[in-house]
Amino acid sequence: MDDNKNNDMTGPEGNVLDSAEKFGTAWSVDDEGDCPEPPPPKDECDLAGLTADKPGFVKHVEDIFNSKTFAPCADAGVDMTNFVEQAVKEICRCFGDISCACANLNQAADACRAAGVKISDAWQLKFEKSQCQVECPEGSVFKEKGPKPAPSCERPKGGKKSQAGCFCPDGEMLEDGKCVSLDNCRCEYGGKLYDIGEKFEKGGECKECECKGKGEVQCEDKQCKVKCKDNEIEVQDERECCPKCLANWVEAVNPKPEAVVKQPLELTCRVKGVEVTKENVEWFKFDPGMENLAKAKNAYSISDDGLKLTIKSMDKKKEGNFKCIVTKDGKSSEGVFEVALPVEKDLVEAKEDNVEFEEGGVIKLT
């Protein structure tokens with residue numbers, strides 16, 4: 001101390017530091033090596049005065065884990081040693097009450113299931129000495145001999161076989177993880193639950209249904225209301241319950257075909273949504289006039305299904321507009337074709353020019 005406030009924050013290296021935090025850190029001494037090791041945690045059984053009883057508690061838990069029920073757990077990668085230690089600690093904390101290990105044993109069972117080991121929810125029944133009771137969800141009760149399968153809204157009485165496990169109280173059944181009375185059972189269809197009074201469709205069966213309660217469904221055939229416009233035809237899709245309206249249901253496959261002189265030319269119509277026969281199809285050449293080609297068999301031929309017209313030999317007279325008209329159920333639709341031969345280019349005849357030339361003169365073209 002020299003009564004000089006300016007050097008009160010001097011560090012061990014002789015430099016003056018600008019904060020108390022840096023000053024304290026600079027003069028701190030690492031004395032970790034002088035600190036004694038902390039004492040090991042005291043054993044729960046020693047604290048409870050149950051040191052002599054601990055081996056028996058360990059054997060009690062290990063006997064359960066070494067049984068056929070839990071033996072596969074270790075092979076599945078579950079650390080059963082840790083569960084043994086924790087279960088014994090719980091027993092000693094309860095001053096020797098082995099039922100205090102039940103919560104830990106249930107945790108072990110859950111870990112085994114998560115690792116792929118099949119362990120019954122009622123595993124406690126195989127180990128009466130464990131003093132563990134089967135734990136059932138709230139609202140359900142344990143039965144040593146209950147129906148298999150358990151009662152449900154679809155099967156209120158359950159199966160004829162028996163099984164031990166958690167069940168809904170008598171008169172109730174399991175629905176969507178909850179116990180309900182039969183009167184309150186909803187209706188299930190396609191993996192979805194419908195409330196009482198709710199309407200839904202069974203699309204694959206073309207039914208309109210209503211949930212009436214008790215899991216019962218009332219269905220009727222779906223009523224289709226379809227009204228097509230004058231230029232539309234009613235068609236039925238196998239994937240749909242009701243027919244639909246379709247416009248432009250006839251089309252020309254090759255509306256502007258490439259024609260070649262003296263070669264045949266095929267025009268094709270396609271019909272969508274309905275089946276037709278040759279009697280439903282007519283072919284015409286129009287503009288100018290309207291010629292029914294069914295009568296011109298020398299120049300044209302029509303396929304058996306009526307949807308292909310063949311011009312037997314193409315020439316200038318057969319150029320023009322063609323169409324197929326399909327009539328079905330009082331409705332008509334058509335496909336139009338524009339037939340033309342390639343335009344021939346005019347050839348220009350070469351003309352010879354005579355050149356008159358005189359030396360020293362001007363060139364003249366004649």
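**Reading burial, salt bridges and cores in a predicted model**

Me: Arg 113 has 27% relative accessibility; as what does the residue count?

Reply: Arg 113 counts as partly exposed, because its relative accessibility is 27%, and the class in question runs between the limits of under 20% for buried and over 50% for exposed. Please bear in mind that this is a predicted model.

Me: With which residue does the side chain of Arg 113 meet in a salt bridge?

Reply: A salt bridge is assigned when a side-chain nitrogen of Lys or Arg lies within 4 Å of a carboxyl oxygen of Asp or Glu. Here the partner is Asp 110, with an N to O distance of 2.7 Å. The two residues, Asp 110 and Arg 113, stand three residues apart in helix 6, and therefore about one helical turn separates them. Asp 110, at 45% relative accessibility, also counts as partly exposed.

Me: How many salt bridges does a search of the whole structure find?

Reply: The search returns 18. Salt bridges may also join into a network, as they do for Glu 175, Asp 176, Arg 186 and Asp 195. A further pair is Asp 315 with Lys 318, whose closest N and O atoms are 3.0 Å apart. In that pair Lys 318 is buried, at 13% relative accessibility, whereas Asp 315 is partly exposed, at 27%.

Me: How should the surroundings of Asp 237 be read, and where does this residue lie?

Reply: It is useful to take position, burial and contacts in turn. Asp 237 belongs to the loop that joins strand 10 (232-235) and strand 11 (244-247). Its relative accessible area is 18%, so Asp 237 is classed as buried. The side chain of Asp 237 meets that of Arg 239 in a salt bridge of 3.2 Å, N to O, and also reaches the backbone nitrogen of Arg 239 at 3.0 Å. Arg 239 itself is exposed, with a relative accessible area of 72%.

Me: Turning to nonpolar residues, how many make up the largest nonpolar core, and which have the most contacts inside it?

Reply: A core of this kind is read through its members and the elements that supply them. The largest one has 28 residues, and Phe 65, Phe 70 and Met 80 have the most contacts inside it. Helix 3 (54-65), helix 5 (80-93) and helix 6 (102-114) each contribute at least two residues to this core, the largest share being the seven residues from helix 5. Leaving aside residues up to four places away in sequence, Phe 65 touches Phe 70, Ala 71, Met 80, Phe 83, Val 84, Leu 105 and Ala 108. Apart from this core lies another, of 27 residues, including Val 274, Tyr 300, Phe 337 and Val 339.

Me: What radius of gyration does the protein chain have, and how does one judge it against a compact globule?

Reply: The value is set beside that of a compact globule with as many residues. For 366 residues such a globule would have a radius of gyration near 21 Å, but the protein chain has 48 Å. Its C-alpha atoms fill a box of roughly 135 × 95 × 45 Å along the principal axes. Buried residues make up 30% of the 366 in the chain. The exposed area is about 25900 Å², 48% of it supplied by carbon and sulfur atoms.

Me: How many helices and strands does the protein chain have?

Reply: There are six helices and 21 strands. As for contacts along the chain, among those with a separation of 6 or more, residues 24 or more positions apart account for 43%.

Conventions. Residues numbered from 1 in each chain as written. Predicted model: local features only at pLDDT ≥ 70, side-chain atom pairs only at ≥ 80, totals over all residues. Heavy atoms only, no water. Helix = DSSP H or I, 4+ residues; strand = E, 2+ residues; numbered from the N terminus. Polar contact = N/O pair within 3.5 Å; in protein donor to acceptor, adjacent residues only side chain to side chain. Core = buried A, V, L, I, M, F, W, Y, C linked by side-chain atoms within 4.5 Å. Buried < 20%, exposed > 50% of the residue type's maximum accessible area, 1.4 Å probe, protein only. Contact = heavy atoms within 4.5 Å. Rg over C-alpha atoms; globule rule 2.2 N^0.38 Å. Areas by Shrake-Rupley, 256 points an atom, 1.4 Å probe, with all protein chains shown as cover.
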